[in-house]
Amino acid sequence: MTKLTYERPVIQKLNTGTMNKFGSRTEYTPVTHIEGVSVKSLMADYGSPLFVISEPQIRRNYQSAVRAFKTRYPKVQFAWSYKTNYLNAVCNVFHQEGAWAEVVSIFEYQKAIKNGVPGNKIIFNGPDKSSDDLRTAINNHSLIHIDHFDELYMLIEIAQELKTKATIAIRVNMDTGIYPIWDRFGFNYENGQAWNAINKIMSAPELELHGLHCHIGTFMLSAGAYATAAWKLCDLAWNVKLKWNHMIQYLDLGGGFASANTLKGSYLQGSDIIPSTEDYADAIATTILNFGFKPDELPMLFLETGRSLIDDAGYLLGSVLATKRLSDGRRATIMDFGVNLLFTAFWYNHKISPAQEFSHHTEDMVLYGPLCMNIDCIRESINLPLLSKGDQVVVHRVGAYNMTQWMQFIQMRPNVVMVDAKQKVHLIRTKESIDTMLRYELVPEHLEQFKL
Ligand SMILES: *Cc1c(COP(=O)(O)O)cnc(C)c1O
């Protein structure tokens, strides 16, 4: 039997108020394995902190989302949102499953091309497409989703010059009952801007209007908003048919489905309140099917789901650097990962589990990261067992946006590994080193020498 660790008894102020009906404790069991691979061995082999991605979980998420939509609507195509997680290994799991690519910059576009995605299976979104970017996209027959009139006019000019037709859609923004409205992207539905853009496009022989697109927000807690969005896109498509005798081939409802994370300030756990993929699918499919299109006119349905397909496939493993008491007596635990790696800590109260057995004592504590910077707080208050130096933790549902929005500030980025279905561990991004950083720096000759 191993010797039990001694824990000094403490007198502790009882804090009431922030509990929800499940109590305030976040975790009752240690998480020692991910997809059957030992958390301790992962950190021993690849260091701490460490991002771990479960390939089987990505596949399960993707397949169940496809099932939810395909059982409700006959023509469905997902496109993987690169900015949500553009590690090539991750993208390629989605591509193997059948997802196209959805990109919002030429950098992401190039990544998709290098991954082997055919040009005509790339959806090119976003407000920043240069004339060179548009030339590339036209030549590759990609689906160009126009964001504003300046882009529309530039596209007409380039298509005329190249004497090629451009395959396009417009992004539409609209009131779906969720505020604030994301009206900075695309053309507004209610004020007639979208209809205006459509008429300009339909009068331009160089442009082929294949689709209508919207991306109404992210972490949408209302499936009904998608019914409204789908109805407004159908209405535009219907009017294109009436006025121009032209069938819109696809409606793209964008991304935005919530993952099971808990938003800061939420009373209930995220997993208890978010709509299911089936709820979103029902809202969208029912609206389009009931709209009035004839069977052979039904548009293809595109989805650019990001967050909800990858969040729970990603984990961040880390270790306790130190513990201390703050001046007001609160316990503080300093981790080796901070907001530099866990950007989503600004919005979520992540589920955090100890990676080893612990005693029955728990305490409210502040979790800090390793940065010498006051903002580096992962959690203002969390009830956890008394972690001590060297203990390890598992942070759950970190697959979306952390591995693209992470910042190289004070610390460098750690290894990322992927666990496959056979419990084999693959390094998919190596940790950065001093050489990574120095590669990009140049020191003018007169600054090369100094004497102290
Ligand atoms: C970010 C983004 C997505 C993915 O959004 P999620 O909220 O992660 O599902 C899809 N489409 C567009 C245009 C985006 O900008």
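Which residue just after helix 10 takes a positive phi?

**View 1. The residue that follows helix 10 in the predicted model.** Gly292 is the residue in question: just after helix 10, Gly292 adopts a positive phi of about 130 degrees.

**View 2. The span of helix 10, residues 277-290.** Helix 10 contains 14 residues, and its end C-alpha atoms are 20 Å apart. This separation agrees with expectation, because at 1.5 Å a residue the helix should span 20 Å.

**View 3. The buried residues of helix 10 and the elements against which they pack.** Tyr280, Ala281, Ala283, Ile284, Ala285, Thr287 and Ile288 are buried in helix 10. The buried residues of this helix pack against two helices, namely helix 2 (55-70) and helix 8 (224-244). They also pack against strand 11 (250-252) and strand 12 (300-303).

**View 4. The residues that surround the ligand.** The ligand is surrounded by 16 residues, of which Lys83, Thr218, Gly256, Glu304 and Tyr401 are the closest. By class, the residues of this shell comprise ten polar, five charged and one nonpolar.

**View 5. Polar atoms of the protein beside oxygen atoms of the ligand.** In the side chain of Tyr401, a polar atom lies 2.5 Å from an oxygen atom of the ligand. For Lys83, an N or O atom of the side chain is 2.6 Å from a ligand oxygen atom. Gly306 contributes a polar backbone atom, which is 2.8 Å from an oxygen atom of the ligand. Taken alone, the ligand exposes 390 Å², and the protein buries 95% of that area.

Notes: Residues numbered from 1 in each chain as written. Predicted model: local features only at pLDDT ≥ 70, side-chain atom pairs only at ≥ 80, totals over all residues. Heavy atoms only, no water. Near = heavy atom within 4 Å. Polar contact = N/O pair within 3.5 Å; in protein donor to acceptor, adjacent residues only side chain to side chain. Areas by Shrake-Rupley, 256 points an atom, 1.4 Å probe, with all protein chains shown as cover. Nonpolar A, V, L, I, M, F, W, Y, C, P; charged D, E, K, R; others polar. Helix = DSSP H or I, 4+ residues; strand = E, 2+ residues; numbered from the N terminus. Expected span 1.5 Å × (residues − 1). Buried < 20%, exposed > 50% of the residue type's maximum accessible area, 1.4 Å probe, protein only. Contact = heavy atoms within 4.5 Å.
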